[in-house]
Amino acid sequence: MPPKRDLTAARLRRMGENAMNVDSLKADKEHAERLARLAASASARQSAPAPPGKGAREPPKPAAPAAPAKVEKFRAVEEYSSSEINIPKGSTVFVVGAPDANNLVQAVVGGKAGKVPVKILREITPELLEEERKQREKEIEEARRLEEEALKEEMERLKVEHTNTQQQKQEAGAEPETESQANSFEEELNKKFEDERNQLIAEEQRLKEEAARLEAMLRALDED
């Protein structure tokens, strides 16, 4: 009987664990929108006219405050760190308003806010999300292929080990393995291979579905 081997798709599982947390992304978006509202309120207070002196004519009422700056989501194409904020490459970053004179934007990621250079950001569009999903699918397929190749190599090694063990037993005077025993070993090994291969395929499919859900979730952030 072949020894039990744990050849589950560890690499595939790790890829699944890297999926983004929707709750943290929603919290970052809310943080960015709150900063936009605060900035709009501060701007309105600064532009309000001074109160009139005694006997002076009432000034015209100030214009309504400007709407808060737009919050948009971007992908960090480079890693960036400052005293305010740390952004790993690949992060989803929420940007408040337009760049300043130094090409810096106010950004929120991981619950922190800070100034970030525009050059490290790429706007997240439907086209980018589709591109990222397709790339994840390619990586998942490649990971499954590599795991399956490793599984085949392990099965072949077990066959060689079994053959060598039987030869050593015969040289030591033991009875040779019967055809029925050899067939039983082969069948059991083939079944083990197919079972674990099917697990890899199922894991591949699950992660592709997860990639599609991630794409849909990031699209839906614009609708909240």
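Here are legends for a few close-up views of this predicted model.

**View 1. The whole chain, with its confidence.** The protein chain holds four helices and seven strands, laid out along the sequence as α-α-β-β-β-β-β-β-β-α-α. Of its 224 residues, 29% are buried. Among contacts with a separation of 6 or more, 69% are between residues 24 or more positions apart. Mean pLDDT sits at 83, with 79% of residues reaching 70 or more. Go easy on residues 1–9, though: pLDDT stays under 50 there, even if the model gives that stretch 23 contacts beyond four places in sequence. Where pLDDT is low, the predicted coordinates shouldn't be read in detail.

**View 2. The five-stranded open sheet.** Its strand order is 6-5-4-1-7, and the pairing is antiparallel. Strand 6 and strand 7 (121–123) are the edges, each pairing on one side only. On average, neighbouring strands of this sheet are turned by 45 degrees against each other, ignoring direction. At the strand 7 edge, three bridges tie it to strand 1 (residues 71–76), running antiparallel. Arginine 75 has arginine 122 in strand 7 as its bridge partner.

**View 3. The hairpin of strands 5 and 6.** Strand 5 (residues 104–109) and strand 6 (residues 112–117) run antiparallel and share six bridges. Look for valine 105, which stands opposite valine 116 in strand 6. Two residues lie between the strands, and glycine 110 takes a positive phi near 60 degrees in this hairpin.

**View 4. A salt bridge between helices 3 and 4.** The whole structure has 23 salt bridges, and this one pairs lysine 208 with glutamate 141, closest N and O atoms 2.7 Å apart. It links distant parts of the chain: lysine 208 is in helix 4 (residues 179–220) and glutamate 141 in helix 3 (residues 126–171), 67 residues apart. Which of the two categories, buried or exposed, fits lysine 208? It's buried, at 19% relative accessible area, whereas glutamate 141 is partly exposed at 33%.

**View 5. Salt bridges within helix 4.** Aspartate 195 and lysine 191 bring their closest N and O atoms to 2.9 Å. They are four residues apart in helix 4, so about one helical turn separates them. Aspartate 195 is partly exposed at 35%, while lysine 191 is exposed at 52%. Arginine 206 and glutamate 210 also form a salt bridge, at 3.6 Å, and they too sit four residues apart in helix 4. Here arginine 206 is partly exposed at 33% and glutamate 210 is buried at 18%. Elsewhere, salt bridges with shared partners join Glu141, Arg144, Glu148, Arg197, Glu204 and Lys208 into one network.

Conventions
Residues are numbered from 1 along each chain as its sequence is written. This is a predicted model: local features need pLDDT of at least 70, side-chain atom pairs count only at pLDDT 80 or more; totals for chains, interfaces and linings use all residues. Side-chain values use heavy atoms; hydrogens and water are left out. Two strands pair if DSSP finds at least two bridges between them. Buried means under 20% relative accessible area, exposed over 50%, partly exposed in between (1.4 Å probe, protein chains only). Contact means heavy atoms within 4.5 Å. Axes are lines fitted to C-alpha atoms, for helices over the stretch in contact, and angles run from 0 to 180 degrees between N-to-C directions. pLDDT is the predictor's confidence in each residue, from 0 to 100. A salt bridge is a side-chain nitrogen of Lys or Arg within 4 Å of a carboxyl oxygen of Asp or Glu.
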